[in-house]
Amino acid sequence: MNGDERDMLARARVATRLPAQDLDRARRFYAEKLGLEPADERPGGLLYRCGGGEFVLFRSAGASPGTFTQMALEVDDIDAAVAELKRRGVVFEEVDLPGFRTRDGIAEIEGNYPSKGARGERGAWFRDSEGNMLGIGEPVR
């Protein structure tokens, strides 16, 4: 195997896939609550683009358990993002565990990846209309 074959996936673009049992309901949630409109669509799927990435909502008979973060968005100002999303009716998860607690929907998280040049992160989580757990984060520098 040469270097090009080994690095094939390292050069790939990442595209998240999120299941939706009711694609019309999901479309309304993403438009009304998150302010996102599909960039493209096909039967059974909606393609969204945010920043340099993309994600797809696809019609699925299955459902996510919503017990883990399936997709996260990194923002410059999490306080403003959470306030605006709450104003639109998004309900944020409240967590109170040893070493991990949200206040007004936002958790202070110690540590971050060295390549991000941050000492920590602030994060918040909510579920979409289909039960998918979504997160928003802001690096703390």
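**Exercise 1. A pair of charges**

Find how far apart the closest N and O atoms are in the salt bridge between Arg 122 and Glu 138.

*Step 1.* Recall the term: a salt bridge is a side-chain nitrogen of Lys or Arg within 4 Å of a carboxyl oxygen of Asp or Glu. Side chains of opposite charge can pair when their charged atoms come close.

*Step 2.* Look at the two side chains: the closest N and O atoms of Arg 122 and Glu 138 are 3.9 Å apart.

*Step 3.* Place them in the chain. Arg 122 belongs to strand S9 and Glu 138 to strand S10, so this salt bridge ties together parts 16 residues apart in sequence. Helices (H or I, at least four residues) and strands (E, at least two) are DSSP runs, numbered from the N terminus.

*Step 4.* Check the surroundings. Arg 122 is buried, at 17% relative accessible area, and Glu 138 is buried, also at 17%. Buried means under 20% relative accessible area, exposed over 50%, and partly exposed in between (1.4 Å probe, protein chains only).

*Step 5.* Widen the view: Asp 79, Glu 108, Arg 122 and Glu 138 are linked in a network of salt bridges.

A note on the model: it is predicted, so local features need pLDDT of at least 70 and side-chain atom pairs count only at pLDDT 80 or more, while totals for chains, interfaces and linings use all residues. Residues are numbered from 1 along each chain as its sequence is written, and side-chain values use heavy atoms, leaving out hydrogens and water.

**Exercise 2. Linking distant parts**

Which parts of the chain does the salt bridge between Arg 25 and Glu 130 tie together?

*Step 1.* Start with the atoms: the closest N and O atoms of Arg 25 and Glu 130 are 2.8 Å apart.

*Step 2.* Arg 25 lies in helix H2 and Glu 130 in the loop between S9 and S10, so the pair ties together parts 105 residues apart in sequence.

*Step 3.* Compare the exposure classes: Arg 25 is partly exposed at 33%, whereas Glu 130 is buried at 10%.

*Step 4.* Put the pair in context: the structure holds 11 salt bridges.

**Exercise 3. Building a sheet**

In what order do the four strands of the open sheet stand?

*Step 1.* The order is S1-S4-S3-S2, and the pairing is mixed. Two strands pair if DSSP finds at least two bridges between them.

*Step 2.* Find the edges: strand S1 (15–20) and strand S2 (40–42) each pair on one side only.

*Step 3.* Follow one pairing. S1 and strand S4 (residues 53–59) run in the parallel sense over six bridges, and Thr 16 stands opposite Phe 55 in S4.

*Step 4.* Add the helix: H2 (residues 23–32) packs on the sheet and touches S1, S2, strand S3 (45–50) and S4. Contact means heavy atoms within 4.5 Å.

**Exercise 4. Into the core**

How many residues does the largest nonpolar core have?

*Step 1.* Know the term: a nonpolar core is a set of buried Ala, Val, Leu, Ile, Met, Phe, Trp, Tyr and Cys residues joined through side-chain atoms within 4.5 Å.

*Step 2.* The largest core has 24 residues, and those with the most contacts inside it include Tyr 30, Phe 55 and Leu 57.

*Step 3.* Zoom in on Leu 57: beyond its neighbours within four places in sequence, its contacts include Leu 18, Ala 26, Tyr 30 and Tyr 48.

How values were computed
Axes are lines fitted to C-alpha atoms, for helices over the stretch in contact, and angles run from 0 to 180 degrees between N-to-C directions.
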